[in-house]
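Student: I would like to go through this model by asking about its side chains. Can we keep it brisk?

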Amino acid sequence: MTESKYIFTDTQFDSELRRLQILEQVCDPASRRRILATGITTGWQCLEVGAGAGSIMKWMSKIVGESGKVVAVDVDTRFVEDTSLRNVEMIKGDIKRISLDSNSFNLIHIRNVLIHIVDCQATLAKMIDLLKPNGWLVIEEPDFSAAKFISGTTEEQQSVDKVNQAIWQMFKDQGKDYALGIKLPAILQRLGLKQLQIENDVPISTGDSDIAKIMKLSALQLSARYIATGIVNKKDIQNYCQFAKKPTSWGIYLATVGVSGQKN
C-alpha cells in the first residue's frame, strides 16, 4: 500500500486555492442550509473539520457571535492562517490526533475530508464523542462511483473512463473508499446517531461547469498519482481535461451525499 497522507497537501498554492474556492461556490449553499437546519444560533460551540479556504468557518463565526466559538482543524492551513476572527481558534493537525474535550460542541461540520482518511469510522466515533448530548454532526462526502461519461467524442470517452478507474485505484491503493459518501447513512446509523437526514446530489454537468473545473484542477494536480496507477497516461489526462473544458460535453463527475444526525 502506498502512503496515505492527504493527497492535496503538496499541491501548488494558487491552483489548490482556486480548486477550494470553486468547491466553496458549488458546495456552500447546501452546507449552509444543512447547518441552519440544526438550529445553530448565538453562543453555540462549533467544530469545523477541514477548514479549506475558510468560507464555512467564517460564516459560522458570524452566526454564533462573540458568545460562541468556532474551532477549525485542518492538516493544511495554508489558506486560513491569517484569520483574525476573535471567536475562531485555528488548529493545524489531524483530527484523529489532536486533543479536544469530550462533549464540547453543539455542532461539528466536515466536508470532503473523511474520504481522505483510512480509518474514517474511528474518526467519526471520535467526532461523536466530542459532541454534546443532542449535538449535531453534519457531513458531506463525495461518491466517485457515480462518475459517468455521457456525451463527447469516442476518444474522450475512453480517457474519461480510464481516469475514473484511476481515481478508484488511487484511493484503493491508499486503503481509502472512493464511494464513501453513499455508505455514510448506514455507518452513522450503526454509530447511534438519531434523526438522520440524508440527501444525495448527482449533478449532470457540462464541461466548463464549476464541478468540471474542480475535477480538471484535480486531474492536473494529481496527474502523477493517476498515471502511477498504470491505468492512464499523459494523453488520457489531456483528453480528460479537454472533456472537462468543452461546454458541449456532458458527464457525471461525482455524487455528493449529505448526512445530518444528532447525538443521543
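The questions and answers below cover a predicted model.

Student: Is L188 buried or exposed?

Tutor: L188 is found in helix α5, which spans residues 180–190. Its relative accessible area is 0%. The limit for a buried residue is under 20%. L188 is therefore buried.

Student: Which residues does L188 contact, leaving aside its neighbours within four places in sequence?

Tutor: A contact needs heavy atoms within 4.5 Å. With the neighbours within four places set aside, the partners of L188 are L124, L137, I139, L193, L196 and V259.

Student: How far apart are the C-alpha atoms of L188 and M127?

Tutor: Along the chain, L188 and M127 are 61 residues apart. In space, their C-alpha atoms are separated by 11 Å.

Student: How many disulfides are there?

Tutor: The rule asks for a pair of cysteine sulfur atoms within 2.5 Å. By this rule, the count of disulfides is 0.

Student: Which cysteine has the sulfur nearest to that of C120, and how far away is it?

Tutor: C120 is buried, at 10% relative accessibility. C120 takes part in no disulfide. The nearest cysteine sulfur belongs to C27, at 18 Å.

Student: Why is the sulfur of C241 not bonded to another cysteine sulfur?

Tutor: C241 is buried too, with a relative accessible area of 8%. A disulfide needs sulfur atoms within 2.5 Å. The closest cysteine sulfur, in C27, is too far for a bond because the separation is 20 Å.

Student: How many salt bridges does the structure hold?

Tutor: Side chains of opposite charge can pair when their charged atoms come close. The cut-off here is a side-chain nitrogen of Lys or Arg within 4 Å of a carboxyl oxygen of Asp or Glu. The number of salt bridges in the structure is 11.

Student: Which residue forms a salt bridge with R86?

Tutor: The closest N and O atoms of the pair are 3.1 Å apart. That falls within the 4 Å cut-off. The partner of R86 is E66.

Student: How many residues apart in sequence are the parts that R86 and E66 tie together?

Tutor: R86 lies in the loop between β2 (69–74) and β3 (88–92). E66 lies in the loop between α2 (55–64) and β2. R86 is exposed at 75% relative accessibility, and E66 is exposed at 70%. The pair ties together parts whose separation in sequence is 20 residues.

Student: What is the distance between the closest N and O atoms of D76 and R78?

Tutor: D76 is buried, at 7% relative accessibility. R78 is partly exposed, with a relative accessible area of 24%. The two form a salt bridge, and the closest N and O atoms are separated by 2.8 Å.

Student: Which residue forms a salt bridge with D177?

Tutor: D177 is partly exposed, with a relative accessible area of 27%. Its partner is partly exposed as well, at 39%. The closest N and O atoms are 2.7 Å apart, and the partner is K183.

Student: Which residues do salt bridges with shared partners join into one network?

Tutor: Sharing partners links several salt bridges into one network. Its members are R33, R34, E140 and E199.

Student: What is the accessible area of the nonpolar surface patch that includes I204?

Tutor: I204 lies in the loop between β7 (194–201) and β8 (205–206). I204 is exposed, with a relative accessible area of 55%. I150 and W250 join I204 in the patch. Together the three have an accessible area of about 290 Å².

Key. Residues are numbered from 1 along each chain as its sequence is written. This is a predicted model: local features need pLDDT of at least 70, side-chain atom pairs count only at pLDDT 80 or more; totals for chains, interfaces and linings use all residues. Side-chain values use heavy atoms; hydrogens and water are left out. Patches are made of residues with over 30% relative accessible area and no salt bridge: like charges are joined within 9 Å, nonpolar side chains (Val, Leu, Ile, Met, Phe, Trp, Tyr) within 5 Å. Accessible areas come from the Shrake-Rupley method with a 1.4 Å probe; for residues, only the protein chains shown count as cover. Helices (H or I, at least four residues) and strands (E, at least two) are DSSP runs, numbered from the N terminus. Buried means under 20% relative accessible area, exposed over 50%, partly exposed in between (1.4 Å probe, protein chains only).
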